[in-house]
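Got the viewer open? Here's a short tour, one selection at a time.

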Amino acid sequence: MFSTHQHPRRVGRTAASIGLIAVAGLVLAGCSGINNASSGGDGGDGGESVTWTLVTGAQADTPNAAVQNWFLDRVEEVAEGRITFERTATEALCKAPEVAECVRDGRAQIGVTVPDYTPQYFPSTSMVSIPFLSQNAQAAMQSIYDLHEDYDPAKAIMERNGLHHVATWPVGRFLIGGHEPITSVAQFRGAQVRVSGPIIQQAIGNEGANIVAVTAPETYEAVERGVVSTIGGAIDFPVNYGLMELLPDWTDPGIGQYSTFGMWVNADAYNALPDDLREQFDQVTEELNTGEGIAAFNEVAAGQCQQMKDAPTVKSLTAWAEQDTQAWKDALGDSGQEMWIELATEQGLEDAEGVLEQYLAGLESYDDVAYDDATSACVASFGDR
């Protein structure tokens, strides 16, 4: 779900200088105004056109980048060139934990990253981290979209923070990786665990684990140095970040969806769009949230399974026994929902209980939406590799 681990490479001075000049130019462009607009330009009908700068924490070739790129490509297609995006490389202009701030202050107009890096801005989306609550990623994505279209408290928190919500999607089913198979919560006791998501962090911490606060780019080194012994994350975390090189055993404890990536637009930039462009932008946003985003995600996620199968360092990819999953679920009871309501309220979300009720109603409403989970399919097929 995060950045791909890359081993250090030497970069020539000339290339480095060109990169610095390019980034500096983007900074100047991002600070020069909310919308870089012009009359005519490449717009097919001669109307006003805009160019927005993208900042992203989604690494290339990951499922989250696939969702991002589908949206950008489709907006440019529907707007017939009147909306275009200056696509900066991952973390080139703003580090992943700073993306939301960069969009809020106008250095960029659209951003993609993990909401948990700045959770104070996104209490209306963090309910996905409640364990065992959501299994169907499409239902979760569409329910969060509906909340920010129709429910005033969710809309208000975005407006307060100067953001317009585009999409929030789960990063994939929760897996646990370690130096040996982890088959029950008893093995969390004393473990040094890196996991993203406020409620899942607390749920694992309550079982005796020590939660280690390191960012995604720091995780590989933290495992190498022994600072972290156990990882909780989606399947692209071991694959794209290289952690399957270090941790041989992975398992699905049955929690389901647990964390998200998000996409937001600077609210002033969105409101400054001409009416026709805003309608086109909203049209693509709806397409993204009602199936196209998860389809793009799953297409790439399916390929990650094969990489897990092909990796000689991976010994196992399994699922917990049903009784062990149920035991953890029973032990948590409603505490996850209660923790989220308290946390979201502290972060300024009005009527957090009502927001959660609306989200749960959405999950139920969309429960029959067709959805094939790439991680579950991978676990089922791993034994036959």
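Start by selecting strand 6 and strand 9 (residues 230–233) in this predicted model: the two pair in the antiparallel sense, over three bridges. To find your bearings, click Leu-175, which stands opposite Gly-233 in strand 9.

Now add strand 10 (residues 249–252), which also pairs with strand 6 in the antiparallel sense over three bridges. Here the residue to click is Ile-176, with Thr-251 of strand 10 opposite.

Keep strand 6 (residues 175–178) selected and look at its two faces. In a regular strand, side chains alternate between the two faces of the sheet. Which residues sit on each side of strand 6, and are they buried or exposed? Leu-175 and Gly-177 take one side, Ile-176 and Gly-178 the other, and all of them are buried, so both faces are covered.

Next stop: Val-314, in the loop between helix 10 (275–310) and strand 12 (316–319). Don't let the loop fool you: with a relative accessible area of 1%, Val-314 counts as buried, because the cut-off is under 20%. What does Val-314 touch? Leaving out residues up to four places away in sequence, show Met-244, Pro-248, Trp-250, Met-308, Phe-382 and Arg-385. Then pick Pro-238: Val-314 is 76 residues from Pro-238 in sequence, but their C-alphas are 9.8 Å apart in space.

Last, go to the second largest pocket, with about 250 Å³ of space. Select Asp-116, Tyr-117, Ser-196, Gly-197 and Gln-201, the residues nearest its centre out of the 15 that line the pocket. Colour the lining by type and you'll get nine nonpolar, four polar and two charged residues.

Definitions and conventions
Residues are numbered from 1 along each chain as its sequence is written. This is a predicted model: local features need pLDDT of at least 70, side-chain atom pairs count only at pLDDT 80 or more; totals for chains, interfaces and linings use all residues. Side-chain values use heavy atoms; hydrogens and water are left out. Helices (H or I, at least four residues) and strands (E, at least two) are DSSP runs, numbered from the N terminus. Buried means under 20% relative accessible area, exposed over 50%, partly exposed in between (1.4 Å probe, protein chains only). Contact means heavy atoms within 4.5 Å. On a 1 Å grid over the protein atoms alone, a cavity is a set of points where a 1.4 Å probe fits but cannot get out, and a pocket is an open set with protein on both sides within 12 Å along at least five of seven lines; lining residues have an atom within 4 Å of a point. Grid points are joined across faces, edges and corners, and a volume is the space filled by probe spheres set on the points. Ala, Val, Leu, Ile, Met, Phe, Trp, Tyr, Cys and Pro count as nonpolar, Asp, Glu, Lys and Arg as charged, and the others, Gly among them, as polar. Two strands pair if DSSP finds at least two bridges between them.
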